[in-house]
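This briefing sets out selected features of one protein model for readers working at the bench. Its topics are the nonpolar cores, the pairing of strands and the state of the cysteines.

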Amino acid sequence: MTTEKKIIVTVDALILRLNNNKHEILMIKRSEKCRAFPGALALCGGKVDVGEDPEQGMVRELKEETSLDATNEMSVVCVRGAPDRDPRGHYLSICYNVTLKDPNQIPVAGSDAGEVMYVPLKDILEEKHKLAFDHLIIVQQYAKWIIKMGIVESIL
């Protein structure tokens, strides 16, 4: 008898805002009930359902975890899929730069998010917070991407 191993497709949201002259990124604090990285900060996201387009999965996961509504304007920043990036199995994540329908809407934690908050991007890059999975690498790639794409000139 053989055991079939599967790759699970997930999505992660990269949402940036400028607040008091500081770039901030939307993060969740994982619930203490989570099997992997309980209590750590993570990007919003989750598994893509069977039969679901990844972009629609991103919109759904963002809504479930934060109550925020995304537009359909999103760009792929990177794809991460190292077999050991998640202790639960082999997860491949499509990481999107996401635009909110209402940038002033206040996020509310739901689903497996214990809390949801905007965190200074600079603090994450300076490793002042423990991030789940390989989300530090994703945020580092995102910082380079937003500069390359001309979204920001420098990280404030």
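The points below are grouped by topic.

The model is predicted. Its largest nonpolar core has 24 residues, and another core, of 18 residues, lies apart from it. Strand β3 (22-30) supplies at least two residues of the largest core and pairs with β2, β8 and β4. The structure holds 0 disulfides.

**Nonpolar cores**

- In soluble globular proteins, nonpolar side chains tend to be buried together.
- Within the largest core of this model, the residues with the most contacts are A13, I15, L26, M58, L62, Y96 and V98.
- At least two residues of this core come from each of β1 (7-14), β3 (22-30), α1 (54-66), β6 (70-80), β7 (90-100) and β8 (113-120).
- Strand β7 provides the largest share of this core, namely 4 residues.
- When neighbours within four places in sequence are left aside, V98 is in contact with A13, L14, I15, M58, L62, A70, E73 and M74.
- The separate core of 18 residues includes L14, I25, V139 and W145.

**Strand β3 and its partners**

- Strand β3 is mostly covered, with 7 of its 9 residues buried.
- Strand β2 (residues 16-19) runs antiparallel to β3, and 4 bridges join the two.
- Within this pairing, R17 has E24 of β3 as its bridge partner.
- The hairpin of β2 and β3 has 2 residues between the strands, and N20 takes a positive phi near 50° in this hairpin.
- The pairing of β3 with β8 is also antiparallel and extends over 7 bridges.
- Residue E24 stands opposite P120 in β8, while E24 is also the bridge partner of R17.
- Strand β4 (residues 41-42) is joined to β3 by 2 bridges in an antiparallel arrangement.
- In that pairing, the bridge partner of K29 is L41 in β4.

**Cysteines**

- A disulfide is a covalent bond between the sulfur atoms of two cysteines.
- The model contains 0 disulfides, and C44 is accordingly in no disulfide; the nearest cysteine sulfur to that of C44 belongs to C95, 12 Å away.
- Residue C44 is buried, with a relative accessible area of 1%.
- The closest cysteine sulfur to that of C78 is in C95, at 3.8 Å; because a disulfide requires sulfur atoms within 2.5 Å, this separation is too far for a bond.
- Residue C78 counts as buried, at 8% relative accessibility.

Terms used: Residues numbered from 1 in each chain as written. Predicted model: local features only at pLDDT ≥ 70, side-chain atom pairs only at ≥ 80, totals over all residues. Heavy atoms only, no water. Core = buried A, V, L, I, M, F, W, Y, C linked by side-chain atoms within 4.5 Å. Buried < 20%, exposed > 50% of the residue type's maximum accessible area, 1.4 Å probe, protein only. Contact = heavy atoms within 4.5 Å. Pairing = 2+ DSSP bridges.
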